[in-house]
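These are my notebook entries on a few surface and sheet features that I looked up, one topic at a time.

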Amino acid sequence: MDSKSVMEFIRKEVPDWDDELMATARFKAFSGQRTDWEPKFQFWKDLIIKISRHFGLFINSPSQVKNEWFNRGSLTPLCLDHVLFMMYNEGEIIRIADLADPYSGRISQLFRKVKGLMNRSTMTQEGILLEDRLVLTTLLKEKAEEVVKCLSESHWTSYCIVTRKKFESMCGGQEEAYAVLSYLSGCGKGRYLSTNKKELIEGIKVSLSSAAVSGVSGLDFDTLHLIWTQEKLQQQLDAIDRRWEMSRQSALASLKSGNKKLALRHAREMKLGAENREKCTSLLNRVEEVLNVIANAESTKRVTEAIQIGARAIKENNISVEEVQLCLDELDESINLQKQVENALESAPYLGIEDEDIEEEFRKLELEVGNENLKDPIPEAGISNAAAANESLTDAFSNLNLVDAPAKGSAIKNSGIPAKNKESNSLMLETA
C-alpha cells in the first residue's frame, strides 16, 4: 500500500479534501471544550477506520498515519495526536505491547495485562505518536471473526487445529496472527499448543461454535502432529512436481539441440521423480485417512451427546414413545413427499421451444381472436341491460350447487356470446 493509493481513496471518500478552507479548518489543533471539536474528532476517527478497513489493515504505525496518509504538501494535521490519544483512552486503539502474549502461560498473560493497564494511565498525546504499532480494536475483532469463518468453511467439527504457520498465513503475517490469537485467547475461543517430535511443532486450537475452546488433550497433540506431517508431505509433493517439470523442459530442450545423452539423463530424473511422487502420495493418503477417522469420531461423539440430550428432554417433559414415533412418521412422510417432488421435477422433459416459435403461435392466436370478434359482435342491447343480467345470474347461482367435474374450460349459457365445442367446455350443474 503506497501513499498515492491512500490519497486516491481519501479523495473518493472526502470530495472536498482539496478545498483549502475546509482543509485549514480540519488540520487545526483542537481547542476549547469537547463539544467544540467533537465533529472534527469523529471525522478523523471514521476516516482512519475507513482507510484501514479498505486496505485490510488493523495494525498501523502512528507516524505513517500522520506523515504519509494525511500529508498535504508537507502539511500534516495538528490535531491527529489528540485524535489518536482520545481513541486510545476510549479503547478504539491499543498498543500492540498491551496485548496479552498468546504464546505464553496464563500467569504471564495476566501479568502483562496488568502492566498494560498501568501503562495506559501514564500515556500522553506526545507519547502516542512515538509508539511503533497501534491496533484498531474494531478491525481486530472483524479479522478474528473472518479467520474463524474461513476455518468453519473447511471444517465441520466443533473445533479445529491448524499449524501456526497456516494460521499466520490466514491472518496476514506473524504480527497480525499474534494480535488475532491474543484476541481469540481473551474470548476463550483460541488456544496455543506445541509439541516436540524431533522438532518443535506449533499449532492453534480454535473453537468453531459458540462454546469456549476446550482444554488441550493428548489427542490434540497427535492431531497437530498429523496435520503438520500432512503439510510437510504436500510441500514435498509440490517440490517434486516442480523438479519433474524442470526435468521435462530440459529433456525437450536437449532433444531439440540433438543432445540425446543429456535428454536421456533428464528422462531418468523424470522417472525417479514420478516414483518419489507415488510414494509421497501414498503416505499423504494414509495421513488424510487417519485425520478423517478422527473427524468422524468427533462427529459420532456429538451425535451420541445429542441423543442423550434428546432422551433426557423426553423424560423431563413426559413425552410418550407413541408421540415420538408419530413425529418421526410425519417427518419421514414430509421427506418422502419432498423427494417425490424433486424426482418429478428432475424427470420432467424439457421442451426446447424457441422464442420465435412462441411468438409465431401468439400472433396466430391474436388473429383467431380478432376474427371471432368480427364474426360475433356483442349486441349493444346486451351491454345496456348488463345490470339486469347480473341480478338474474346471481339469483340463478343461489339456487344451484356446483359439482366437481374434470373439464378443460367453462361456458355460461345465454350469455350473448356463442360457445364453441360446448361438450368439452360446459360446467356440470345440479339443481339445489
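I began with Ile 335, working throughout on a predicted model, and I found this residue placed in helix H13. Was Ile 335 buried, partly exposed or exposed? I noted a relative accessible area of 38% for Ile 335, and it therefore counts as partly exposed, because that class lies between the limits of under 20% for buried and over 50% for exposed.

I then looked up which patch Ile 335 belongs to, and found that Ile 335, together with Leu 328 and Leu 331, makes a nonpolar surface patch of about 260 Å².

My next entry concerns charge: I found a negative surface patch that is formed by Asp 329, Glu 330, Asp 332 and Glu 333. Of these residues I followed up Glu 333, which lies in helix H13, a helix that I recorded as spanning residues 321-347. The computed relative accessibility of Glu 333 is 51%, so I entered this residue as exposed, since the limit for that class is over 50%.

I turned afterwards to the strands, and asked in what order they are arranged in the sheet. I found three strands that form an open sheet in the order S1-S3-S2, with antiparallel pairing. Strand S1 (59-60) and strand S2 (93-95) are the edge strands, and I noted that each of them pairs on one side only.

For the pairing of S2 with strand S3, the latter covering residues 134-136, I recorded three bridges in the antiparallel sense. As a last item I looked up Ile 94, and I found that its bridge partner in S3 is Val 135.

Terms used: Residues numbered from 1 in each chain as written. Predicted model: local features only at pLDDT ≥ 70, side-chain atom pairs only at ≥ 80, totals over all residues. Heavy atoms only, no water. Patch = residues over 30% accessible without salt bridge, like charges linked within 9 Å, V, L, I, M, F, W, Y side chains within 5 Å. Areas by Shrake-Rupley, 256 points an atom, 1.4 Å probe, with all protein chains shown as cover. Salt bridge = Lys/Arg side-chain N within 4 Å of Asp/Glu carboxyl O. Lys, Arg positive; Asp, Glu negative; His and termini not counted. Charge placed at Lys NZ, Arg CZ, Asp CG, Glu CD. Helix = DSSP H or I, 4+ residues; strand = E, 2+ residues; numbered from the N terminus. Buried < 20%, exposed > 50% of the residue type's maximum accessible area, 1.4 Å probe, protein only. Pairing = 2+ DSSP bridges.
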